Each structure stands twice: as structure tokens, then as C-alpha cells.
Amino acid sequence: MSEFDDLKRALDAAKPDPDATRKAENFSLALENFDDLQFSRQGKADDARLTSEDPKTGLLRGVRDMIVNFSTKGILTATTALAALGLVVFVPVLRDNMPTGSDLVVVESKARPDAPLIEVEEAPAAQSGGVALSGAAEIGIVGDEVADTQFSTDMDITFAPSPSPMAKSRVVAGVPAHLAKPQRDMIVAPQADTEAFSEAEANPLKVTSEDPVSTFSIDVDTASWSIIRNSLTYGTLPPEGAVRIEEMVNYFSYDYPAPTGDQPFKASIGVSDTPWKDGTQIVHIGLQGTMSAERPAMNLVFLIDTSGSMDQPNKLPLLKQSFRLMLGQLSENDSVSIVTYAGSAGRVLDPTPATDRDTILAALDNLHAGGGTAGQAGLQQAYATAKEMAEEGEVSRVILATDGDFNIGIHDPDELETYIAKERDSGTYLSVLGFGRGNLDDATMQALAQTGNGMAAYIDTLAEAQKVLVDQLTGALVPIADDVKIQVEFNPALVAEYRLIGYETRALNREDFNNDKVDAGEIGAGHQVTAIYEITPVGSDARLTDPLRYGTAPEPANSNELGFLRLRYKAPGEDKSQLIEAPILADTPPLPDANFALAIAGFGQILRGSDLIGDWSFGEAIALAQGAKGADPYGYRQEAITLMRLGESLSR
């Protein structure tokens, strides 16, 4: 035993004193070299691919020469140090060399309390394909220096199958995001079990003689389509609650007739056969908003979520890039302010002319993620700033950019809705932009936008930011009609059954249509709105319900009116609504682009698992969309066809 003690003392004496600065430099260099290695594996054009050994100075040759020249004491000392360092390096290296379909799941890690962590859920050890390892490193980071590295055997590292075979992620426990270079093709896979979507049931089939009137608020949001695209692109079918068919259809533009005169929008109606069910028809309603010759000045308050959950490449960094694009569309008459919220709210940019790009961009670049999420305090500060900037005849709007993680502040949805509605009535509207996946609270974001008289969009790429914040900026931010409601009364003499496709979260009571105090959706300059009904004519074999035995038979049809359309809207800033009415005639021809809109509506019903479309398939939706693609200058329709094909593959 004494010989062992002597050996231990000799080893201790042989170890050099720790050099914290050198350790930090080496660790930082190791991370940089590791990232460069990954880029070269992905085919980086400007870097040579690394090989395992150079003919003269390769790593293996160097290690071999070092070992050959080591003394016995040196070998014992070096192997002890290498064992410790190996565990630190082993975690990320082993992760990135696992077969496709495996993710590194860190069950426990210890780091500086305020250092952001990339957290993932623990996977069951017995999961097929999983490999459990015991003994793992606890890595702490202090500033840019590496703290003492400790090792314990009371935690596990598990390699478990990822949610999707296309999903790849790099996990370094406790390493701040600014020390880890993002991968060029980094994919952040959706984590549907941590996200919140509306649970509204699909609109039911209604018997016309029992319930002939359908009432709903219009919707110009597009978030649903972007979330669906994000899910399919990364190899998973979207959550059912994320599939809102009206937002899918309204994502695309159609060749609807423009309004004339002083009307803010024009309503068009078309009737056609239903592609997914013989014996039924489609009533297609299209609204086209007018585009004013001159855009009014805008006062914009960017309310930016800088909480810790935003510390991911597809969140705060993408948000900054998106606002850079938007800034280029603003004029000398526009003003911008920036308010942030995390552990506390604060105004980081006072109201500034939009032409002062350097000042605005510097404020954006200085934003960093960290802390909790105080949504209420941020909203209060943003609305106060908007009031300070407000001028007569100008547009005032708060643009909330977040991943939807509201965990501090007003927790009561009714109280939050009341607060936003009060500010809306004062003239300041609220729009919501969602970023990232994993903890996306889509349901809350939708509710905030609807209550705030604004749109809700989801930004997952710079291309989507270009569409929403550049190409459609005026329509997104300048309202031309408020509280737009649609009511359709179907004629029971000609229509036996009907159903509204989509708009589940926008349903209104029949009496709400004439009540100007009931809030509804807004139409922006140049915006379009599409609504689709499927109807079953009287006498059709496609009818799913039996006529009532003792019901009152409808009067014989004395016209060809399938129904009657009513629309109500308010001019911005007014309290009293105006009414538009038009008959829905059975012999009305289809609207332009009707088949493409129906292909998207059918695609959405397939994703929702509807049992009202029979065995209509992805292939039939693809064929219909392909035949109706028409002019596609930005490629959005072709992208839709590609996504349908992805959905078809994933559904198998």
C-alpha cells in the first residue's frame, strides 16, 4: 500500500500547475476546430477536407511519436489528464458521429446559473436503438473562461432516436450560444409536445333547413401555412391544431377583381364542382382590398422578446435579419422605436426616424437573449411608447416578435385580452410575428393578434420575412377596413347541407353580425380574403343526412339563389359599420384561380384527417394544384406542390 501511496505522490508532484487562461484558450480553439471540421464534412467550398493523418505531421503520427518518447512517469501523468479531457471532447464528437436519426440527450448538466443551455427531454433508456452511458462531464463556463471541469457518475447520457431522420442538432451542455458557431445547414426540429395550438374542432356539416345561417370573422393571418411548411421541411407532419385551412388558402394571391369607386374592397362569388366529392358544389367567396396611391406615415414599435428561449439561430438572430429587411421599406415619414422584454422591460431605442438606419441597426445588433419572459411589462411599455409617437392621420402599431413563450406577467387570458382590446380601441393595433419552434405558443399569439386588430405571421426563413415584411408590408400594417364580418344565408329549397371549410377560430354567433361592439378581423391595403363553402344540392345522392320525417318542407324554389351574402365592415377609426349584400346564384361561374385554392383547401383537410373528403388523396391534390399553378413569379405555388409531395411521403 505504501508503494501505491508513493506512486500517487510522485504523480501529483509531476503534474504541472493548472493554467486557467491556457485552458480557456485551448478549449475555445478545440470548439473552433471542431466546427471547422463539421463545415468541411458538409462540403464547405473554401476549406480543404481534413484527413486523419498528414504524411509528415498527421495527428496519429504525432501521438505515436509522443508516446514512444514518453517516460513511464510521463505516460501515467498524461493518460490521467487525457482521460479527463477525453470525456469533455467525447460528448460532442460522439454525438456528431452517431448514425442519422440519433440525438444526444443530456439528462443533467451543471453550469453558470445564467448561462443559456440547450435543453432536450430525457429519452427512455430502453428505447430502441438507444445507448446509455454512465459517467459524464459537468462543464461550467464563466465569461469566456472555462471553469474547473468536474466529473460524476450520477448522471446518464442517452443517445435516442430524433423526432425526424432529417433533424440534426449539436448539444454542448452549459456552453453559451455566442461561443458555439451555428452550423451552415442547422436544422431545428419541431418539438410538438412542448407547443400550444388551438384545439378547435373542424366545422361540422349543417342541415340548411335547421340552421341556414353561417357567420364568421374574416382572417388574413398566414402563420399556419409557414408552420406547416416548417414541419414538413424538417421531416414531420404538422400538429393537427397548426392546420388552419383558411390561413393556408389565404397565404396565396389570386386574380380577384379590384374594387372601384370609394369601396375599400370588392366581394366576388364563384360556384364550381367539388373536386373531392361528387354530387356537391363549392361556393367560393373572394374579397380584394384596394391599394391606396400613397401610404400614410407609420409609427412602429418593435416589441422584441429577448428572453433566454430566444437564444437560438432561428429566433433572435433571424428576427434581427428580418427587421433589417423591413427597415429598408420605411420612408423618412416613418418612425421606429424598440422595446425589449425579458427579466424586465425596457426601451432600448427612443422614437427615431426610419432613415436613421445606423442608429436603429446598432440598437438591433446590441440585443442579446437572456432571462425570463415578462410579456405584460413589455406590452405596457410598447403601448406607452406608441401613444408618445402617435400623430393624427398616421398609423400606430406595435409589432410583437417572440417565440410565444409568455410565462411571466398577465396569466389570465381574459385579463390580457381586455388590456389589449382597450389599447386597440385607442387606435394602436398589435401584430405578432412568431419565430422558432420547440416552445411555440401559437394559440396565445393568435389570440393576441386577433384581439389587437393585427395579423399573425410565422417567420422561419429570410424568404418568409421578405414576403411578410417587404412584399406585403403595406397590407400587413395599413388597415383599410376594420371588423369585417361575413354572413351567408343558404336557401333550403336548393341547398340541403353545407359546411364552412376553415375559420374555426373565427366563428361568430348569428346575432354578432349586426352588433358593432363585437370585434372582427381587419383587411389591409391590397389584402385578399378567401372563404370556401361546400354545399350539397337538394336531391343529390351525396347528401349525408336524412330529411326530417315531420319537418316542414321548404317552399319550391322560385329562383336560382343558392344563398345570400352579407358583409359588414367599419372604416378605420369609425364606430358604425356599413353593409354590403349580394345574391349567390347557382349559375355563377367559378372565380379565377379557384382550382388552386381548392387544391390547398383539400391538402389542409387531408392533413387534418377529415372524414368528409372520402378517399381523396395527396396525389389528387398535387394533380389539381399542378394543373392550376398558372403564373408563379415568386415560386410560392411550386413550393406548395413540393410540400404536398413531402406530406404524401411522410404519411406513408
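**Entry 1: Asn453**

I began with Asn453, which I located in the loop between α11 (442-451) and β15 (456-459). I noted that the model I am reading is a predicted one. I then looked up the backbone of Asn453 and found phi near 60°, a positive value in a residue other than glycine. Is Asn453 buried or exposed? The relative accessible area of Asn453 is 6%, and since buried means under 20%, I recorded this residue as buried.

**Entry 2: Asp483**

I next turned to Asp483, which has its place in strand β16 (residues 479-490). Here too I read a positive phi in a residue other than glycine, with a value near 50°. Asp483 has a relative accessible area of 10%, so I entered it as buried.

**Entry 3: Glu195**

I looked up Glu195 and found it in the loop between β5 (150-161) and β6 (206-207). Its relative accessible area is 10%, and therefore I listed Glu195 as buried. Which residues is Glu195 in contact with, leaving aside its neighbours within four places in sequence? I wrote down Arg437, Gly438, Asn439 and Leu440. I then examined two of these partners. The side chains of Glu195 and Arg437 are joined by a polar contact of 2.8 Å. For Gly438, I noted that its backbone nitrogen lies 2.8 Å from a polar atom of the Glu195 side chain.

**Entry 4: Lys576**

I moved on to Lys576, in the loop between β20 (561-570) and β21 (578-585). The relative accessibility of Lys576 is 63%, and exposed means over 50%, so I recorded this residue as exposed. Not counting residues up to four places away in sequence, I found that Lys576 touches Asp516 and Lys570. I looked further at Asp516. Lys576 and Asp516 are 60 residues apart in sequence, yet I read a C-alpha to C-alpha separation of 6.5 Å in space.

**Entry 5: Helices α5 and α16**

I then considered helix packing. Two packed helices are described by the angle between their axes and the distance between the axes. For helix α5 (residues 223-233) and helix α16 (residues 636-651), I found axes that come within 10 Å and cross at roughly 50°. Because of this angle, I entered α5 as oblique to α16. I also noted that the crossing of α5 and α16 is left-handed. On the α5 side, the contact is made by Trp225, Arg229, Leu232 and Thr233. On the α16 side, I listed Glu639, Ala640, Leu643, Leu646, Gly647 and Leu650. I sorted the residues of this contact of α5 with α16 by class and recorded six nonpolar, two polar and two charged.

**Entry 6: Helices α15 and α16**

I closed with another helix that packs against α16. How do helix α15 (residues 618-627) and α16 pack, at what angle and with their axes how far apart? I read an angle of about 170° between α15 and α16, with the axes 9 Å apart. Angles over 145 degrees count as roughly antiparallel, so I described α15 as roughly antiparallel to α16. From α15, I recorded Phe618, Gly619, Ala621, Ile622, Ala625 and Gln626 as the residues that meet α16. Their counterparts in α16 are Gln638, Ile641, Met644, Arg645, Gly647, Glu648 and Ser651. By class, I noted six nonpolar, five polar and two charged residues in the contact of α15 with α16. I marked Gly647 of α16 in my notes, since it is listed both in the contact with α5 and in the contact with α15.

Terms used: Residues are numbered from 1 along each chain as its sequence is written. This is a predicted model: local features need pLDDT of at least 70, side-chain atom pairs count only at pLDDT 80 or more; totals for chains, interfaces and linings use all residues. Side-chain values use heavy atoms; hydrogens and water are left out. Axes are lines fitted to C-alpha atoms, for helices over the stretch in contact, and angles run from 0 to 180 degrees between N-to-C directions. Helices (H or I, at least four residues) and strands (E, at least two) are DSSP runs, numbered from the N terminus. Angles under 35 degrees count as roughly parallel, over 145 as roughly antiparallel, 65 to 115 as roughly perpendicular and the rest as oblique. A crossing is left-handed if the near helix is turned anticlockwise from the far one by less than a right angle, and right-handed if clockwise. Contact means heavy atoms within 4.5 Å. Ala, Val, Leu, Ile, Met, Phe, Trp, Tyr, Cys and Pro count as nonpolar, Asp, Glu, Lys and Arg as charged, and the others, Gly among them, as polar. Buried means under 20% relative accessible area, exposed over 50%, partly exposed in between (1.4 Å probe, protein chains only). A polar contact is a pair of N or O atoms within 3.5 Å; within protein, one must be able to donate a hydrogen and the other to accept it, and residues adjacent in sequence count only if both atoms are side-chain atoms.
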